[in-house]
Amino acid sequence: MSADEATTPSPLKPARPSMTAAMRSSSFLNDHQQYRPPSKPDNHYGIDTVVEDLQATSITSPKQISPFNGIPSPENPPTIVESGLSHEFTHPNCIQPPGLTTDRLIATLFYKSTSPRVSNAVGPSSSPAHTASSPVRASSPTGADAEIPSNLSPSSSFDTFPLEPPTNDTEPLDHIYGSYVSPMCITSFLHLMSTFPLPRGSTNLTSAHRCLKLDAAPDHHPQVVELTLAPAPSQDYLSLADLRKHELIYRFEREWNIDVVLRSDTLWRRYPRLVVFDMDSTLITQEVIDLLAATIKDPPDLAAKVADITHRAMSGELEFDGAFRARVKLLTGLSADIFNQLRPVLDVTNGVRPLLRALKKIGVKTAVLSGGFLPLTSWLAGELGIDYAHANEVVIDEATGRLTGEVKGRIVGKERKQELLLEIAKKEGIDLEQVVAVGDGANDLLMMESAGLGVAWNAKPMVQMEASARINGESLLDLLYLFGFTDEEVAILSKEA
């Protein structure tokens, strides 16, 4: 370092800023903060400026301020612009005032995508003989096509429910407004329900709806929709049983390709405790006795004879017990080992396994009451995890190991199925309102009648007319939508552990 550099004084450092009495906090911050916003309104003041400015200000005539009353009330109603909507905080679909009972009707609409109606067709497309001029038998093919013919009355008894049979169908409306539960479909249904008289004292019908299931298409159209109607139509004018069979309801189903399930909105509707199934054409897609007959080749027409008797018995044209004995007689000499051979042949209906998983998770007991044969019914119940299994026992010759053509004990027909349902419900301490019975044949009608809900599953026409509910679809898992579960909840319940 040179002498000149040593004698040169160093530059003075800037003094550290400090607050003085003459400064205001706002001016100090404005002058010395390291970062300043790129733009700042000129009229911006800090809170200290406001306080200082108010010191010399006096309020001479304060403005009267109304106190805040919280939620609007009848004394302080909100300002409402008329929009056609209900602005009430409580309404009949929400909760009734204390001391009054709820009288709501639940309508579940299923779109029948599996059996679409043909344009301008009368009856099932597979039955061209069903025309307006020809008589119609109460029978049709089994499966999803076994719908009620269009020119058949909604009830089989004209004495108790004398309605004029519907006229020939026009163009199906789902072809026009969408192959799903469309908004126009819901509007049409609400208009239909508004034509029925309301209970005395009720002035208007309110409704709410929610989608329970969407299809897998990119647009995700509604396939199952649940509507809540309040109040329900007057029971003095039309009971719920008759409302289900009303010609207008039946015609609506035909027009829109919809299955409508009507139920009173009771507590037990959402909490079933026992579900009873038929076996043949319900839990499985076949009729076991027809499978047995198909194994007999001599005489060659035996299988056709047995199948015809089966179909007529299931359609209610033949008394079940006598028809069953006649069919078993035709199986005389058949090896008893055939029951074991048929086990891998049984085709379990789509949706049965996930349905039973879901029912088990929510603590529902299950039973199968079959008009078939106990060896196969018991085996299937064990495979599916069903709690109770009852069916017919046939006599087997111990010496030859072959069927004798006789039946042991009482036949599990319609009366016996009803008795067994009542016995199981009593044993488990379950109210009948919490029992659901599912079947497809005429021999299931009595047990459906005894249960809180009887469901005709892809059933024969006469059974669909008389049952309290009908579902015509691809998966028996659809049964869960009747309890109010959404598609998301169904997926959670039916998921494998």
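The paragraphs below lead through selected features of this structure, which is a predicted model.

A suitable place to begin is helix 5, which covers residues 183-193. Within this helix, Cys-185, Ile-186, Phe-189, Leu-192 and Met-193 are buried. These residues cover an arc of only 120° around the axis, which puts them on the same side of helix 5. The spacing of such positions follows a general rule: an α-helix has 3.6 residues a turn, so residues three or four places apart point the same way. On the other side of helix 5, Pro-183 and His-191 are exposed.

Met-184 also belongs to helix 5. Its relative accessible area is 39%. Because buried means under 20% and exposed means over 50%, Met-184 counts as partly exposed. Together with Ile-176 and Tyr-177, Met-184 makes a nonpolar surface patch of about 290 Å².

Tyr-177 leads from this patch to the aromatic residues. Along with Phe-189, Phe-252 and Trp-256, Tyr-177 forms one aromatic cluster. Phe-189 of this cluster is one of the buried residues of helix 5. In the whole structure, a search finds seven aromatic pairs. One of them joins Phe-320 and Phe-324, whose ring centres lie 6.0 Å apart, with 20° between the planes. Planes under 30 degrees apart count as stacked, and this pair is accordingly described as stacked. Both residues belong to helix 10, which covers residues 320-330, and because they are four residues apart there, about one helical turn separates them. Phe-320 and Phe-324 are both buried.

A further aromatic pair consists of Phe-339 and Phe-373. Here the ring centres are 5.7 Å apart and the planes stand at 45°, so the pair is tilted. Phe-339 lies in helix 11 (residues 338-341), whereas Phe-373 lies in strand 6 (residues 365-373), so the pair ties together parts that are 34 residues apart in sequence. Phe-339 is buried, as is Phe-373.

The backbone also has features that merit attention, and several of them are found in loops. The peptide bond that runs from Ala-230 to Pro-231 is cis, and its omega is near -5°. Pro-231 is located in the loop between strand 3 (222-230) and helix 6 (240-244).

Where does the backbone have a positive phi in a residue other than glycine? One such residue is His-220, with phi near 50°. His-220 is in the loop between strand 2 (206-214) and strand 3. Another is Asn-458, with phi near 45°, and it is found in the loop between strand 10 (453-457) and helix 16 (461-466). The two residues can also be described by their accessibility. His-220 has a relative accessible area of 44% and is therefore partly exposed, whereas Asn-458, at 12%, is buried.

The cysteines complete this account. How many disulfides does the structure hold? The number is zero. Cys-185, which was met among the buried residues of helix 5, has a relative accessibility of 0% and so counts as buried. Cys-211 has a relative accessibility of 36%, so Cys-211 counts as partly exposed.

Methods. Residues numbered from 1 in each chain as written. Predicted model: local features only at pLDDT ≥ 70, side-chain atom pairs only at ≥ 80, totals over all residues. Heavy atoms only, no water. Patch = residues over 30% accessible without salt bridge, like charges linked within 9 Å, V, L, I, M, F, W, Y side chains within 5 Å. Areas by Shrake-Rupley, 256 points an atom, 1.4 Å probe, with all protein chains shown as cover. Salt bridge = Lys/Arg side-chain N within 4 Å of Asp/Glu carboxyl O. Helix = DSSP H or I, 4+ residues; strand = E, 2+ residues; numbered from the N terminus. Buried < 20%, exposed > 50% of the residue type's maximum accessible area, 1.4 Å probe, protein only. Phe/Tyr/Trp six-rings, centres within 6.5 Å; stacked < 30°, edge-to-face > 60°. Disulfide = S-S within 2.5 Å. Arc of directions from axis to C-beta.
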